[in-house]
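Hi everyone, thanks for making time this morning. I'd like to walk you through one protein model, so have a look at the screen with me.

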Amino acid sequence: MDPTDATVVAVRDVGAHAVALSVETPAGFDARPGQFVKLSLVIGGEPESRFYTVSSPDAEDTFEVTLTYDAGADEEALGPRLAALDPGDTVAVTGPFGDAYYEGEPRTLVLAGGPGIGPAVGIAERTLADGGEAAVVYRTAAVTPGADDGDPPIHEERLGALAAAGAPVAVVDSDDALAAAVREVAGDGDRRAFVYGFEGFVEAAREALDAGGIDPATAKVESFGPDPE
Ligand SMILES: Cc1cc2nc3c(=O)[nH]c(=O)nc-3n(C[C@H](O)[C@H](O)[C@H](O)COP(=O)(O)OP(=O)(O)OC[C@H]3O[C@@H](n4cnc5c(N)ncnc54)[C@H](O)[C@@H]3O)c2cc1C
């Protein structure tokens, strides 16, 4: 699969060290919330690439990814470079990839850690738009250098809109609070669970699903890789 150059449409701050990057959808590209893409920029003469997960409810004309970044990272880090892009700039897109994505499930429950809140809001919005029921459990801050537990949640506005539309949203600031939050928002348990975040969170989320009465083996899980140091 070859990369396609795509035009950046918007870069919006959506939290502490967090941006939502909207990009024109390349021809023939069809991605669902929860799938991921490879984004590449040329840094120091070499292409530098990272994976990011689709955080928009669809990818019709544009699609969005949400990323957190270490503002103090060295020059080779891609996150701060992506966050500094302007509308009209170009980024190379490859994908989409992955099999842990929304496929029209009527009742969804998304557990998100850190930047995993991107696919969580995308899936929840799409579920509601399709006439279904969505719920979100979000473990804040945690892994983002420079962010702390007192920061407002990433995508606070979209989370507020989801709650106003009747979707239960629980925001917690520790792994220990996850299981209770799952029990609180899951209702009768007849929901398809999704998990997005770095490895440490994914492990905690599996345990929380188990403790909350949902078999973690039935969940669609995408790990973002080892926890940032
Ligand atoms: C399948 C998959 C999906 C992914 N989806 C997303 C996504 O939707 N959003 C997202 O943000 N990331 C996502 N990631 C992680 C992403 O690909 C990068 O690994 C991560 O953003 C770090 O890239 P970097 O170039 O900024 O930092 P690196 O060059 O890897 O590291 C530089 C510095 O940044 C720090 N750092 C690393 N990761 C983060 C982070 N997330 N936030 C703040 N600081 C960090 C490191 O500790 C280090 O100090 C995904 C990864 C995979 C494998």
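Let's begin with a small puzzle: in which strand does Lys38 lie? Lys38 lies in strand E3, which covers residues 36–43. Before we go further, please keep in mind that this is a predicted model.

Staying with Lys38, is this residue buried, partly exposed or exposed? Lys38 counts as partly exposed, because its relative accessibility is 29% and the partly exposed class lies between 20% and 50%. Leaving out residues up to four places away in sequence, Lys38 touches Ser49, Arg50 and Phe51, and also Ala92, Val93, Thr94 and Phe97. Now look across to Pro96: Lys38 and Pro96 are 58 residues apart in sequence, yet 7.7 Å apart in space, C-alpha to C-alpha.

Pro96 deserves a stop of its own. You'll find Pro96 in strand E6, residues 90–97. The peptide bond leading into Pro96 from Gly95 is cis, with omega near 5°. As background, most peptide bonds are trans, and most residues other than glycine have a negative phi.

That brings me to two histidines. His17 has a phi near 55°, a positive value in a residue other than glycine, and His155 also has a positive phi, of about 60°. Where do we find His17? His17 sits in the loop between strand E1 (4–15) and strand E2 (18–24). His155, for its part, lies in the loop between strand E8 (133–139) and helix H3 (156–164). As for accessibility, His17 counts as partly exposed, because its value is 24%, whereas His155 is buried, because its relative accessible area is 3%.

Let's zoom out to the whole chain. How many helices and strands are there in the protein? There are five helices and eleven strands. A compact globule of 229 residues would have a radius of gyration near 17 Å, and the protein has 17 Å, so the two agree. Along the principal axes, the C-alpha trace spans about 50 × 35 × 30 Å. Buried residues make up 52% of the 229. If we take contacts between residues at least 6 apart in sequence, 73% of them join residues at least 24 apart.

For those of you who think about surfaces and charge, the accessible surface comes to about 10100 Å², and 45% of that belongs to carbon and sulfur atoms. The protein has 14 positive and 42 negative side chains. The centres of those two sets lie 6 Å apart.

Next, the domains. The protein is divided into domain 1, residues 4–96, and domain 2, residues 107–223. How many Å separate their centres? Taken over C-alpha atoms, the centres of domain 1 and domain 2 are separated by 22 Å. Across the boundary, 22 residues of domain 1 are in contact with 19 residues of domain 2.

One last residue, and then I'm done: Thr127, in helix H2, residues 117–129. Thr127 counts as buried, because its relative accessibility is 0%. Again leaving out residues up to four places away in sequence, Thr127 touches Tyr102, Glu105, Pro106 and Thr108, along with Gly132, Glu133 and Ala134.

That's my tour. Thanks for listening, and I'm happy to go back to any view on the screen.

Conventions:
Residues numbered from 1 in each chain as written. Predicted model: local features only at pLDDT ≥ 70, side-chain atom pairs only at ≥ 80, totals over all residues. Heavy atoms only, no water. Helix = DSSP H or I, 4+ residues; strand = E, 2+ residues; numbered from the N terminus. Rg over C-alpha atoms; globule rule 2.2 N^0.38 Å. Buried < 20%, exposed > 50% of the residue type's maximum accessible area, 1.4 Å probe, protein only. Contact = heavy atoms within 4.5 Å. Areas by Shrake-Rupley, 256 points an atom, 1.4 Å probe, with all protein chains shown as cover. Lys, Arg positive; Asp, Glu negative; His and termini not counted. Charge placed at Lys NZ, Arg CZ, Asp CG, Glu CD. Domains from an automatic or database assignment.
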